[in-house]
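The following exercises ask the reader to reason from a sequence and its three-dimensional model. Each task is followed by a worked solution.

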Amino acid sequence: MSSITLPRTGQQMPLVGMGTWKIPNSECADVVYNAIKSGYRLFDGAADYGNEKEVGEGVRRALSEGLVKREELFITSKLWNTFHAKEHVKAQATMQLDLWGLDYFDLFLVHFPIALKYVDPAERYPPGWFGADGKTVHLQETSLQETWTAMEELVDAGLAKNIGISNCQGSLLCDMLRFARIKPQVLQIERHPYLTQEALIAFAKEVGIAVTGYSSFGPQGYIEISMDRGAQSLLSHDLVSTVASRYKKSPAQVLLRWSTQQGIAVVPKVTYEDKWVENLDSLSFDLSAADIKALSDLNCNLRMNDPADIDVRMSIFA
Ligand code: NAD
């Protein structure tokens, strides 16, 4: 199995894709173009990453040279928190499609179920978490139901083939399933052996929502932004290294396979060609059930990406 079939559209979502968060703008186009040459078909972007134009350039170069057809690619992007109001969702998705130079997204996700005060993209883009003072988070009174209804209209308009949500728990999914005309097709969550999220994943699968795990290497993706919380690296963890040497694979491949073998897609980000080939090749072996369990037993509910930790004054509904 190298992909997950999304139930509503029957579309295949590759199990291994490439994340684009923190790829420097100057490198995006070449990384993405060459990654497509190496066999990547899924790219995971977002307004918040501030590099959709350059990532899109790489995609468009590959398309124009006939390396792939558009329908062979699976392009994911995300709606940022400041665009949750119904009057902003379509305008924002259209603007992001223009940046990519594409007609539709294969998957468009609500990045966080947290509505923030609107920021005009002409003033500041990407807007990020904070208001103009650079330190205050301004929440906005927009319900997720309002946002989701506008997301459904993107599907109606052909701007997104599938829609989903990121960074939420099962209780919110339960509510969404009550009001959704189009069910969320994908849930994207932080997932690595320090944060296994088993109950949430079991629930999502039960109700027919595919899961993508991000930050598969745990603290690794957060070192470059000094948010790794001093946690021990998973890539050099004794258990991961021992398992890796037993299969003659790299620790990264073991961490990716730990997820994909459980039917969870992964989107590791890396800019070095040898590593991206290695990551794509992580589907080429199987871990034993005992090794999967041993890796899962590292769980300590360590969440790297937690907006509640943002160390700022929150001006609630300001
Ligand atoms: P990651 O877990 O993919 O780790 C990235 C780090 O690991 C980089 O430093 C990279 O150089 C290194 N790395 C990658 N492959 C390697 C290999 N084979 N060997 C050794 N080192 C390797 O971290 P991430 O960037 O946090 O997450 C991946 C993607 O997930 C992002 O780019 C983004 O697309 C997505 N994401 C989504 C959210 C969300 O809120 N939905 C949040 C974070 C990330």
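Two strands are taken to pair if DSSP finds at least two bridges between them. The model examined here is predicted.

**Exercise 1. The sheet**

Determine the order in which the eight strands form the open sheet, and state which strands stand at the edges.

*Solution.*
1. The order of the eight strands is S3-S4-S5-S6-S8-S9-S10-S11, and the pairing is parallel.
2. Strand S3 (18–19) and S11 each have a single partner strand, so one side of each is left without a neighbour in the sheet. These two strands therefore stand at the edges.

**Exercise 2. Strand S10 and its neighbours**

Describe how strand S10 is joined to S9 and to S11, and establish how its residues are oriented.

*Solution.*
1. On one side, strand S9 (residues 186–190) runs parallel to S10, and five bridges join the two. Within this pairing, Leu187 has Val211 as its bridge partner in S10.
2. The connection from S9 to S10 passes through helix H6 (residues 198–206), and this β-α-β crossover is right-handed.
3. S10 is also joined in parallel to strand S11 (residues 265–266), here by two bridges. Gly213 has Val266 as its bridge partner in S11.
4. In a regular strand, side chains alternate between the two faces of the sheet. In S10, Ala210, Thr212 and Tyr214 point one way, whereas Val211 and Gly213 point the other way.
5. The residues of both sets are buried. Strand S10 (residues 210–214) is accordingly described as mostly covered, with five of its five residues buried.

**Exercise 3. Aromatic pairs and charges over rings**

Classify the geometry of the pair formed by Phe112 and Trp129, and identify the rings over which the charged ends of Arg61 and Arg191 sit.

*Solution.*
1. The structure holds 11 aromatic pairs. In the pair formed by Phe112 and Trp129, the centres are 5.0 Å apart and the planes are at 70 degrees. Planes over 60 degrees apart count as edge-to-face, and this pair is edge-to-face.
2. Both residues lie in the loop between strand S6 (105–110) and strand S7 (137–138), so the pair ties together parts that are 17 residues apart in sequence.
3. Phe112 is buried at a relative accessible area of 5%. Trp129 is also buried, at 18%.
4. Ring pairs also link Trp21, Tyr49 and Tyr222 into a cluster.
5. The charged end of Arg61 sits over the ring of Tyr33, 4.8 Å from its centre. That of Arg191 sits over the ring of Trp258, 3.8 Å from its centre.
6. The side chain of Arg191 also makes a polar contact of 3.0 Å with the side chain of Ser259. Ser259 is found in helix H9 (residues 251–260) and counts as buried at 1% relative accessibility.

**Exercise 4. Backbone exceptions**

Locate the cis peptide bond, and decide whether Gln197 and Ser226 are buried or exposed.

*Solution.*
1. Most residues other than glycine have a negative phi, and most peptide bonds are trans.
2. A cis peptide bond joins Tyr125 and Pro126, with omega about -5 degrees. Pro126 is found in the loop between S6 and S7.
3. Gln197 is not a glycine, yet it has a positive phi of about 50 degrees. Gln197 is placed in the loop between S9 and H6.
4. Ser226, also not a glycine, has a positive phi of about 50 degrees. Ser226 lies in the loop between helix H7 (220–223) and helix H8 (238–247).
5. Buried means under 20% relative accessible area, and exposed over 50%. Gln197 has 10% and is therefore buried. Ser226 has 65% and is therefore exposed.

**Exercise 5. The ligand**

State how many residues surround the ligand, and which of them are the closest.

*Solution.*
1. The ligand is surrounded by 29 residues, of which the closest are Asp44, Ser166, Asn167, Ser215 and Asn279.
2. A polar side-chain atom of Ser166 lies 2.8 Å from a nitrogen atom of the ligand.
3. Backbone N or O atoms lie by oxygen atoms of the ligand in two further cases: 3.2 Å away for Ser216 and 3.1 Å away for Phe217.

How values were computed
Residues are numbered from 1 along each chain as its sequence is written. This is a predicted model: local features need pLDDT of at least 70, side-chain atom pairs count only at pLDDT 80 or more; totals for chains, interfaces and linings use all residues. Side-chain values use heavy atoms; hydrogens and water are left out. Buried means under 20% relative accessible area, exposed over 50%, partly exposed in between (1.4 Å probe, protein chains only). Helices (H or I, at least four residues) and strands (E, at least two) are DSSP runs, numbered from the N terminus. A crossover is right-handed if, with the strands pointing away from the viewer, the path from the first strand over the helix to the second runs clockwise. Rings of Phe, Tyr and Trp (its six-membered ring) pair if their centres lie within 6.5 Å; planes under 30 degrees apart count as stacked, over 60 as edge-to-face and the rest as tilted. A charge sits over a ring if NZ of Lys or CZ of Arg is within 6 Å of the ring centre and within 35 degrees of the ring normal. A residue is near a molecule or strand if one of its heavy atoms lies within 4 Å of it. A polar contact is a pair of N or O atoms within 3.5 Å; within protein, one must be able to donate a hydrogen and the other to accept it, and residues adjacent in sequence count only if both atoms are side-chain atoms.
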